[in-house]
Structures are given as structure tokens and as C-alpha cells.
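User: Please go through the attached model by question and answer, covering the contact between chains, the fold and the cores.

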Amino acid sequence: MKRLINILVFLTLTLTSFNSFSYNSDPKAFINELVNDAIATLSNKNISKIDKNKKIKTIALKNVDVEALGQYTLGNARKNLDQATLEKYKILFEKYFLKSLTSRLKDYSSQKFEVLSAEQKSETYTIVNSKTVKSSSGPEIKIDWRVYTKDPTKPLIRDLIVEGLSLAKTQKEEFASILNSNNNDINVLFTKLEEFIKD
Amino acid sequence: MRFKKSIVLITTCLLMLSSNLSAETEKECFEKVSRGVFKFNKGFDKAVLRPLAVLYNKLPEPVKTGTGNFTSNVGTLLTVPNHILQGQWKLAGESSASFFINSTIGILGFGNPAAKMGLKNQQEDVGQTLGAYGVSAGCYFVLPILGPTTIRDTIGMFADTFVDPFAHITLREKELLSVSGSDIDYYSVKGATSINFRADNMTNLDSLEKNSIDMYAALKSLYLQNRAQKISNTFSSEDSDEWNELNK
């Protein structure tokens with residue numbers, strides 16, 4: 001019986017993972033499908049915590065421009081680093097981002113979400129406007145998504161702007177603060193990231 | 001008289017310092033001290049503000065909404081003169097109408113019928129007005145209990161008490177249209193505003209603390225972005241140039 005349940009869970013996860021690879025390419029529909037998929041995953045009581053995290057990570061890696069976000073977050077400091085150090089940063093940032101994203105999504109997964117509109121700002125990016133609905137678990141929050149659309153068939157998320165506050169910019173200034181306080185020593189940032197990933 | 005002179009002198013000095021610092025809003029006044037104050041504020045939050053906000057969140061929804069509406073309606077009294085100072089006549093009219101409707105039909109501001117009529121009521125203060133006139137933020141620092149600020153916003157916060165009719169009748173105990181109050185009223189409303197804000201941001205702040213590798217820097221960034229957005233009255237954070245550099 002337990003084995004049968006395991007097989008069923010595995011099949012469900014596999015099928016839903018395939019779904020996550022094929023979101024709509026229209027930025028508005030893309031955000032709607034992706035967020036609802038992520039929230040449904042996190043609130044699904046039939047999936048273990050490990051499997052939930054795995055699926056969220058799969059969704060994120062396929063639909064967020066993690067590499068560009070990592071470079072943006074590092075700011076101008078990236079221009080002074082050699083290739084090997086940049087590679088190390090890329091690996092650490094991805095782990096940091098995935099852990100932080102999963103944690104943040106869990107914090108907000110009980111809230112209802114609505115996509116309102118989309119505005120194409122240029123050929124390469126569109127801002128999708130959305131909000132969480134006011135409920136007992138929290139007030140209404142306006143969330144804008146910066147979607148990178150250079151490849152129109154494969155939109156990618158680059159930033160979340162919550163009530164006008166950019167999460168990427170906040171993260172970038174956090175990293176800059178650590179570097180500035182430590183004579184721009186990238187190893188201090190690496191240690192901080194490693195500590196975060198380990199916790 | 002001597003007190004008034006000192007205030008003018010301090011304000012002038014701070015404004016000059018603020019202007020000299022140009023647009024370097026990320027500049028710190030005294031980071032080590034600010035980080036120490038930030039630690040103290042975190043302790044205060046953990047021991048006092050957060051527990052109060054947790055209790056507040058357990059209140060029935062209508063009580064919480066009513067309290068939020070009331071404090072926001074009192075805040076409109078500061079908003080109206082600032083809209084006027086910024087030449088935003090339409091918004092000043094809308095805020096005045098909102099205050100009048102909510103204070104009467106909305107029963108002292110506990111209800112918010114003005115919002116249902118489509119009247120906007122965004123909060124404005126002297127710091128924002130100074131920003132709108134081009135006064136730069138000056139350096140950033142953290143005040144005990146009051147939290148993140150800049151030189152411009154500190155001056156603004158102090159000037160608020162002169163511009164705000166509510167502060168006039170409570171803090172200064174002056175009568176206005178036969179209404180008067182005491183400083184207890186002023187601090188009670190400010191306290192309720194803080195608890196309401198903390199309760200509304202329970203998830204946001206808990207999540208930020210859990211996911212930050214330098215929470216001091218994260219809060220500083222959020223504070224400065226928020227103020228910039230309120231001054232420009234826009235609702236998006238644009239940083240296109242740097243993103244465009246990363247286009248593959």
C-alpha cells in the first residue's frame with residue numbers, strides 16, 4: 001500500500017513538473033499560471049516537504065533568470081572578479097536564491113493571488129501587475145513582476161517589485177553593504193552566503 | 001525665544017549638510033552607531049512592539065480595520081497641508097473631502113466611506129515635501145525606537161509637528177475650531193499607528209529577517225526606496241540601465 005502511494009506521489013510530481021515546463025508565453029498568463037502552480041504545490045498536504053522544495057526549485061530554475069539576477073545583485077563588483085571567482089559566486093548565489101525563494105513563498109502561500117494587468121515597457125521586458133487579496137492572514141499587497149521577454153517564447157522573471165520596492169535592488173544593496181564593510185573582499189560575502197545556505 | 005532660535009539654527013545647519021551630500025542617499029552618517037541603535041531597536045521590537053502587534057492581530061477584523069482607518073484619517077490632517085505645499089491641489093481637495101466624509105459619515109474616522117466613493121488618501125509629510133522641492137535626503141542613520149531615517153526626513157519629522165493641525169491641538173494644546181487635546185492623545189495615536197503598521201507587516205518583517213544576510217542593509221534599502229517612491233509619487237522601481245547591461 002505504502003509503495004503504491006509512493007508511486008502515485010511520484011507520478012503526480014513528475015506530471016506536475018512537466019506542466020511547469022510549459023507555462024504560457026504571454027507574460028500575464030505566464031505569471032498567473034506559474035504563481036498559482038507554486039502556491040498549489042506549497043499548500044498541497046499530500047506532498048512531502050522535500051518534494052515540495054524540489055518542485056519549487058525546478059519551477060524557479062526554469063522560469064527565473066537566476067544568472068542575470070545573480071550578476072545584477074553583485075553590482076559593479078562583478079566587473080573586477082576573475083572567471084573562477086565568478087563561477088564560484090554563480091553556484092553559491094543559485095543555492096542562496098533557491099533557499100530564500102522557497103522560504104519566502106512558504107511565508108506567503110496562504111494568501112490569494114490575482115494578476116491584474118501587464119504593460120510592455122520595451123522589446124525586452126514587460127511589467128506584470130498583480131496583488132495578494134486582503135484576508136485575515138495579511139493586507140492587500142501590490143506585486144509587480146519584471147519579466148524578461150527577449151525570447152518571446154520563453155519569458156523569464158528578473159525581479160519582484162513589492163509595493164514599489166524592488167527585491168533585486170534590496171538584495172543588491174545588502175550584498176554591496178557586506179562588500180563595503182569588508183574592503184570589497186568577496187570571500188566575506190561567500191562566507192555569509194555559505195552560512196545562509198547551511199542554516 | 002532662545003529655543004526657537006536654536007531650532008532655526010539647527011534646522012539650517014542640517015539642511016546645509018543635507019544639500020552638500022547631494023544625491024548620495026546610500027551614504028551613512030555614522031554606520032557603526034546606527035548598527036548599534038538598530039540592534040537596540042530589534043530588541044525593543046522583540047520585547048515590546050512585536051508582542052503587541054501579535055495581540056493586535058488577534059482582535060476581531062472590524063476592530064483592526066476601524067483602528068487602521070482612524071489613525072489613517074488623523075494622518076490626513078498632515079497630508080492636506082503637504083499636498084498644498086507641493087501644489088497638488090486636486091489631491092489636497094480629495095484628501096480634505098476624505099477627511100470630512102470619514103470624520104462625519106465614517107463616525108470619527110473609524111469607517112472609510114470616502115474610499116468607497118473613490119477618494120484617494122495617500123499619506124504625505126514634510127520630508128516628502130522637502131524632497132519634492134529638490135532637497136536631497138542627506139545621509140542615512142537609525143534613530144532609537146523611531147527607526148530608519150535621513151537628515152531630510154528627521155528635519156521633516158520635526159517640522160511635521162508644526163504643520164500638522166492634530167499636533168497643534170494635542171502636543172501644543174492649542175484650540176482649533178473648538179477642538180483641543182493633550183500630548184497623551186498625540187502619542188496614543190502615534191503608538192496605535194506603529195502597532196497597526198507592525199501588525200500589517202508581520203509576515204513581511206519576519207520573512208525579511210529570516211531571508212536576509214544583512215538585515216540592517218536590507219531595511220535601509222527598503223526605507224530609501226520607499227521614500228524615493230513616495231516623493232516621486234510613482235509606483236515602480238526602475239533600474240533599467242543596469243538590467244539592460246545583462247541582456248543576452
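The turns below concern this predicted model.

User: Which helix of chain A gives the largest share of the side of chain A that touches chain B?

Analyst: The contact takes 29 residues from chain A and 25 residues from chain B. On the side of chain A, the elements that each supply at least two residues include helix H5 (83–108), strand S4 (156–162), helix H6 (167–181) and helix H7 (186–198). The largest share, six residues, comes from H6(A).

User: How many of the residues on the side of chain A that touches chain B are charged?

Analyst: The residues on that side fall into nonpolar, polar and charged groups. There are 10 nonpolar and 10 polar residues, and the charged ones number nine.

User: What pattern does chain B follow along the sequence?

Analyst: Chain B has 12 helices and two strands. Of its contacts between residues at least 6 apart in sequence, 63% join residues at least 24 apart. Read along the sequence, the pattern is α-α-α-α-α-α-β-β-α-α-α-α-α-α.

User: Which helix of chain A gives the most to the largest nonpolar core?

Analyst: This core has 38 residues, and Ile31(A) and Val147(A) have the most contacts inside it. Beyond its neighbours within four places in sequence, Ile31(A) is in contact with Val115(A), Val128(A), Ser130(A), Trp145(A) and Val147(A). With six residues, the helix that gives the most to the core is H2 (residues 27–43).

User: How many residues does the second, separate core have?

Analyst: Buried residues make up 32% of the 248 residues in chain B. Cys139(B), Tyr216(B), Leu222(B) and Leu224(B) are among the members of the second core. Its residues number 16.

Conventions. Residues are numbered from 1 along each chain as its sequence is written. Chains are lettered from A and ligands numbered from 1 in the order in which they are written. This is a predicted model: local features need pLDDT of at least 70, side-chain atom pairs count only at pLDDT 80 or more; totals for chains, interfaces and linings use all residues. Two residues are in contact if their C-beta atoms, placed from the backbone, lie within 7 Å. Helices (H or I, at least four residues) and strands (E, at least two) are DSSP runs, numbered from the N terminus. Ala, Val, Leu, Ile, Met, Phe, Trp, Tyr, Cys and Pro count as nonpolar, Asp, Glu, Lys and Arg as charged, and the others, Gly among them, as polar. A residue is buried if 20 or more other C-beta atoms lie within 10 Å of its own, exposed if 12 or fewer, and partly exposed in between; C-beta atoms are placed from the backbone. A nonpolar core is a set of buried Ala, Val, Leu, Ile, Met, Phe, Trp, Tyr and Cys residues joined through C-beta atoms within 7 Å.
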